[in-house]
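Student: Could we go through this structure together, so I can see where the labels come from?
Tutor: Sure, let's take it label by label.

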Amino acid sequence: MLPESGHGEDTGSQARFICSANFSFAPYAQEELRRLFGSLKSTMLVPGEIFLVTLPAEPADVVKRLQEHPVMFLRHLFPVQYQEPVEDAESGLEQLTKYVLGQHKKLQGRRISIQVRKTKDSTYWAESAGALKQAITDRLSELQAEFTVREADYILSVLADGPVWYAGLSEPADNLSDWNGGAIRFQKEEGQVSRAKFKLLEAAEQFGIDFTAYRNALDIGAAPGGWTSFLLERGVKVTAVDPAKMDPTVMSMPNLTYLRKNAGEVRFREQQFDLLVCDMSWSPKQMAKLVTNLLYSLVSGGTAIVTVKLMHKKPLALIQDVISTFEEAGMQVQRAKQLFHNRDEITLYMIKYL
């Protein structure tokens with residue numbers, strides 16, 4: 001465990017949370033929180049990914065502020081209401097069960113999702129996180145609750161970090177994500193072209209986008225066709241542009257127009273598309289220039305979903321530069337978010353207002 005680092009002075013009320021970000025991006029999630037709350041104290045539990053943070057606000061105020069001011073890199077959090085050293089697995093389970101049963105009135109007969117994670121330093125729990133989840137569930141039968149994975153009334157979050165176990169009870173909306181640690185797991189489909197499809201599935205969920213509502217889409221840098229296939233499956237007509245080959249299964253799908261060219265070499269009618277998507281592995285600034293040069297083909301009020309590759313050491317400044325480029329071209333950024341499936345990139349969800 002890394003030493004605790006403080007930023008600013010403690011003032012008044014405080015709230016403690018276990019926070020998660022994509023691997024290596026936890027420092028940027030910490031910086032987002034510092035900018036939003038003015039100060040924080042943090043302890044990194046899993047380097048670059050999971051940290052314990054103390055913020056100068058009431059827990060409900062923290063959640064409210066995060067909902068009002070969405071952040072990019074913070075993927076998930078849960079309130080730390082329970083933190084106890086563990087002498088052995090049995091005593092650890094006994095203490096944790098006692099805490100949960102103390103919430104009897106709130107939890108009796110409700111739908112509960114138990115979400116358990118463990119760090120590599122599993123000093124007092126050698127089995128899997130799934131086994132710990134089952135052990136906790138088995139001890140809570142007197143609650144007469146319905147234990148579920150999704151659509152729960154409450155989430156019991158548990159992190160076994162070596163000799164210390166943390167836990168908290170919260171409503172799903174208060175955790176930023178109702179997935180365990182914000183790690184969204186989609187099942188790969190038979191014949192799926194690429195895992196890039198998961199990015200649009202997650203974007204639909206995170207941003208509340210109904211992709212079946214669009215009619216004509218432009219996919220820039222489409223090969224091998226993960227995003228194109230996603231849109232075609234939802235009844236959208238797609239013009240796919242890429243000098244590389246598309247997957248044969250995509251080429252056999254109806255409503256596809258494939259232009260095997262560089263995006264800088266194509267021309268379209270003005271306001272031809274109501275959706276533009278781009279997931280190219282290009283320099284972010286080159287990508288932004290290429291996309292903005294094609295925005296004439298997007299209708300006013302049309303949507304753009306674009307990934308920004310974070311290739312530089314100062315991603316916050318880079319992201320702001322790219323966003324400024326799009327805003328100057330008439331786009332309004334609705335959300336900028338590092339999705340779980342983004343890895344070393346973020347996703348921009350934008351609407352054209354000019």
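**How the labels are earned**

Tutor: Start with helix α6 (residues 197-207), where K197, F198, K199, L200, E202, A203 and F207 are buried. Helices (H or I, at least four residues) and strands (E, at least two) are DSSP runs, numbered from the N terminus. This is a predicted model, where local features need pLDDT of at least 70 and side-chain atom pairs count only at pLDDT 80 or more, while totals for chains, interfaces and linings use all residues. Residues are numbered from 1 along each chain as its sequence is written, and side-chain values use heavy atoms, with hydrogens and water left out.

Student: Which elements do the buried residues of α6 pack against?
Tutor: They pack against α7 (226-233), β15 (298-309), β16 (331-337) and β17 (345-352). Contact here means heavy atoms within 4.5 Å.

Student: Why is C278 called buried?
Tutor: Buried means under 20% relative accessible area, exposed over 50%, and partly exposed in between (1.4 Å probe, protein chains only). C278 has 0% relative accessibility, so C278 counts as buried. C19, at 1%, is buried too.

Student: And what makes E49 partly exposed?
Tutor: Its relative accessibility is 24%, which falls between the two cut-offs, so E49 counts as partly exposed. E49 sits in the loop between β3 (40-46) and β4 (50-55). Beyond its neighbours within four places in sequence, E49 is in contact with residues including C19, F23 and R75.

Student: Why are α1 and α2 called roughly perpendicular?
Tutor: The axes of α1 (residues 26-37) and α2 (residues 59-68) come within 11 Å and cross at roughly 105°. Axes are lines fitted to C-alpha atoms, for helices over the stretch in contact, with angles from 0 to 180 degrees between N-to-C directions. Under 35 degrees counts as roughly parallel, over 145 as roughly antiparallel, 65 to 115 as roughly perpendicular and the rest as oblique. The crossing angle of roughly 105° falls in the 65 to 115 range, so α1 and α2 are roughly perpendicular.

Student: What makes W179 and F186 an edge-to-face pair?
Tutor: Rings of Phe, Tyr and Trp (its six-membered ring) pair if their centres lie within 6.5 Å; planes under 30 degrees apart count as stacked, over 60 as edge-to-face and the rest as tilted. The rings of W179 and F186 have centres 6.1 Å apart and planes at 65°, so the pair is edge-to-face.
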